[in-house]
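The following exercises concern a single protein chain. Please examine the sequence and the model before reading each solution.

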Amino acid sequence: MQLLKKKSAIITGGTAGIGKAIALLYAQNGADVAIFGTNRERAEQTLKELEAHRVDSEQKFSAHLVNVAQFKEVEETIQKILSDWGKVDILVNNAGITRDNLLMRMNEEDWDLVLDVNLKSVYNTCRVLARSMMKAKGGSIINISSVIGLTGNAGQVNYAASKSGMIGFTKSLAKELASRNVRANCVAPGYIETQMTEGLSDQIKGQILANIPLGRIGSPQDIAQAALYLASDLSSYVTGQVIAVDGGMVM
Ligand code: NAP
């Protein structure tokens, strides 16, 4: 079943990890897909993989080199997509980074960078796209937060603040846009195997695993399936929610 037939989606950070898994699953479900990232090689590789997941000859795929922290870049790119495609039904704010350190050692640059890439980016994309979704009287905004935004974590005050901030942003936006049938929800992944987490030591990985009731590390596909549900009409009565996809880590 193609759950996203005739829908179009923008996925930030669609060039790697969780965002790439979402992009490919959306393509497999019939959507037009535009991915944002900053790495040309990864963007071109993902575009090839999107082609391989095509299910309809009419489907459109595009990759855009854009720094999501920069309002002007985001605005120009989204306006171009809107003029090419006429509409965007689904927005996935997934681009994210970490710059971990204890507060007493964290410099201002790492605070600002994480807040700009992880949280200001959500303002940037939603500010530009919300108007067209409201006019279309429909849309789904999916923000990829983190269980760290729910629990906090020593060594991640910048990351946790950005991910909690996404949740407050999403609930507020859901209330602002609900009357126009535009929904906004968060997915809060637990520990997922991607390049973001590959640098963790085996000892830390072992400690995390011991706290996952389902007894395994998550895959990008686990998150993509939740993002597919939230993008599709299967979730048409769901807004302002945070769905933790974490093997039961936080309950
Ligand atoms: P990842 O593999 O490191 O991928 C990050 C993606 O973000 C890449 O596509 C990267 O694209 C893009 N990106 C980074 N900075 C950007 C910028 N300034 N402008 C545009 N794109 C940018 O990370 P991931 O593990 O898939 O994480 C995806 C999201 O899930 C993040 O928001 C992360 O916080 C969240 N999350 C992950 C986990 C986990 O365990 N992995 C857990 C909870 C939440 P380029 O390389 O092309 O710039």
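**Exercise 1.** What percentage of the 251 residues of the protein count as buried?

*Solution.* The model is a predicted one. A residue counts as buried when its relative accessible area is under 20%. By this criterion, 51% of the 251 residues are buried. The accessible surface of the protein comes to about 12,300 Å², and carbon and sulfur atoms account for 51% of that surface.

**Exercise 2.** Compare the radius of gyration of the protein with that of a compact globule.

*Solution.* First, take the expectation: for 251 residues, a compact globule would have a radius of gyration near 18 Å. Next, take the value for the protein, 17 Å; the two therefore agree. The C-alpha trace spans about 50 × 40 × 35 Å along its principal axes. Finally, consider contacts between residues at least 6 apart in sequence: 76% of them join residues at least 24 apart.

**Exercise 3.** Determine whether the length of helix 8 (residues 220-231) fits its number of residues, and establish what covers its buried residues.

*Solution.* The protein has eight helices and seven strands. At 1.5 Å a residue, the twelve residues of helix 8 should span 16 Å. The end C-alpha atoms of helix 8 are 16 Å apart, so expectation and model agree.

Turning to burial, nine of the twelve residues of helix 8 are buried, so this helix is largely enclosed by the rest of the structure. Among the buried residues are P220, D222, I223, L228 and L230. The cover over the buried residues of helix 8 includes helix 1 (17-28), strand 4 (90-93), strand 5 (139-144), strand 6 (182-189) and strand 7 (242-245).

How values were computed. Residues are numbered from 1 along each chain as its sequence is written. This is a predicted model: local features need pLDDT of at least 70, side-chain atom pairs count only at pLDDT 80 or more; totals for chains, interfaces and linings use all residues. Side-chain values use heavy atoms; hydrogens and water are left out. Helices (H or I, at least four residues) and strands (E, at least two) are DSSP runs, numbered from the N terminus. The radius of gyration is taken over C-alpha atoms; the globule rule is 2.2 Å times the number of residues to the power 0.38. Buried means under 20% relative accessible area, exposed over 50%, partly exposed in between (1.4 Å probe, protein chains only). Contact means heavy atoms within 4.5 Å. Accessible areas come from the Shrake-Rupley method with a 1.4 Å probe; for residues, only the protein chains shown count as cover. The expected span of a helix is 1.5 Å times one less than its number of residues.
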